[in-house]
Amino acid sequence: MLFIDRLIERIIETKNPSVIGLDTSIGFVPPRIRDACEQELSRAGAGAHLRAAVDAEAIYRFNREIIDAISGIVPAVKPQMAFYELYGQYGAEAFVKTANYARHRGLIVIADAKRGDIGSTAEAYADAFLGPGVKGVEGSEGGEGGESGGLYCCDAMTVNPYLGIDGVKPFIDNCRKYKKGIFVLVKTSNPSSGDFQDLELASGGKVYELIADRVAQWGQGEGLLGAYGYSSICAVVGATYPAQAKELRARAKRVFFLVPGYGAQGGGAEGAAAAFDSAGLGAIVNASRSVLCAWSHERWGGKYAHDDFAAAAEAEALRMKSEINHAINATD
């Protein structure tokens, strides 16, 4: 089954078009987890790299509790690669273990890596994240073909298109070959996205509109268009720009949207709802800190302690599900 069909079917099954970003900082992890990791790794003789090893392992264990809490609620998770690369080889291991555990719990895994390069470098990135996996590594094998792939193998990843088709084609090729997906940056949620994305073209229109058109074009290739009418070549469109999201939804009818910016970045459910089609499909909304750190949010009135972060994340994921579905239904 194509990536996009698997994602949409999980959204329909859970009745929840949301994804939880695992942008896990060590500051989110309660002392009990980090202390336990430090004691265990100290006994194991981690040596000079003890701090990196401890923090990376603590982040993985935090993620595991979050995944256990939300796996029956959301269809997918989105680990942000930077928070793992910070710890070198230990962080890479934590990323792999997090992705494999999430897939073991039935979640689709979208790597937020924003890779973009050309030639053999792009091919290496594509194989690392969207390859068939490595034989013998639990949870990493997937897709078709017998080639060796990278340890990071996920179901999909984010891709930067600003090097042109040379920088995107290897990812598209792997989407087709291994039934994976990509989310191409089109209109991002950050405040300065307009510095380049909103620039007017001499031919008319704006840069982000041109990129959306290209993404739609790339997604029409053989082996990419799914049963629900959407392609596995998808786009990133922020919840913080609802007018543009509404315009892009009408412009790129077969392009599925990943919608960041909800929650801690200031985007709301009403803004995110603009990215959906009339059937309530076509997008998945991301929240990260608002779920991972829900225990500390004033919304819950001190109900949860830091050690209760997983229970708070579950409650927030359910609240988010209800809010987004209400907003989508209100636009019908």
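These are my notebook entries on confidence, helix packing and one aromatic pair in a predicted model.

**Entry 1, confidence.** I looked up the confidence before anything else and found a mean pLDDT of 92 for the protein, with 92% of its residues at 70 or more. I then marked residues 143-148, where pLDDT stays under 50, and noted that the model nevertheless has 13 contacts beyond four places in sequence for this stretch.

**Entry 2, helix 3 with helix 5.** I took helix 3, residues 50-70, and helix 5, residues 88-104, and found that their axes come within 9 Å and cross at roughly 15 degrees. Helix 3 is therefore roughly parallel to helix 5, since angles under 35 degrees count as such, and I recorded the crossing of the two as right-handed. On the side of helix 3 I listed Ala52, Ala53, Ala56, Glu57, Tyr60, Asn63, Arg64, Ile67 and Asp68, which meet Tyr90, Gly91, Ala94, Lys97, Thr98, Tyr101 and Ala102 in helix 5. Sorted by class, the residues of this contact come to nine nonpolar, three polar and four charged.

**Entry 3, helix 3 with helix 13.** I stayed with helix 3 and turned to helix 13, residues 309-330, which packs against helix 3 at an angle of about 40 degrees with the axes 9 Å apart. The two helices are therefore oblique to each other, and helix 3 passes helix 13 in a right-handed crossing. From helix 3 the contact draws on Phe62, Glu65, Ile66, Ala69 and Ile70, and from helix 13 on Phe309, Ala310, Ala313, Glu314 and Ala317. I counted eight nonpolar residues and two charged ones in the contact of helix 3 with helix 13, with no polar residue.

**Entry 4, helix 9 with helix 10.** For helix 9, residues 207-218, and helix 10, residues 242-251, I found axes that come within 11 Å and cross at roughly 30 degrees, and here too I noted a right-handed crossing. Tyr208, Glu209, Ala212 and Asp213 of helix 9 make the contact with Gln244, Glu247, Leu248 and Arg251 of helix 10. By class, I have three nonpolar, one polar and four charged residues for the contact of helix 9 with helix 10.

**Entry 5, an aromatic pair.** The structure holds eight aromatic pairs, and I looked up Phe95 with Phe129, whose ring centres are 6.5 Å apart and whose planes stand at 90 degrees, so the pair is edge-to-face. Because Phe95 lies in helix 5 and Phe129 in helix 6, residues 119-130, the pair ties together parts that are 34 residues apart in sequence. Helix 5 thus appears twice in my notes, through Phe95 in this pair and through residues including Tyr90 and Tyr101 in the contact with helix 3.

Key. Residues numbered from 1 in each chain as written. Predicted model: local features only at pLDDT ≥ 70, side-chain atom pairs only at ≥ 80, totals over all residues. Heavy atoms only, no water. pLDDT = per-residue confidence, 0-100. Contact = heavy atoms within 4.5 Å. Axes fitted to C-alpha atoms, helices over the stretch in contact; angles between N-to-C directions. Parallel < 35°, antiparallel > 145°, perpendicular 65-115°, else oblique. Left-handed = near helix turned anticlockwise from the far one by under 90°. Nonpolar A, V, L, I, M, F, W, Y, C, P; charged D, E, K, R; others polar. Phe/Tyr/Trp six-rings, centres within 6.5 Å; stacked < 30°, edge-to-face > 60°.
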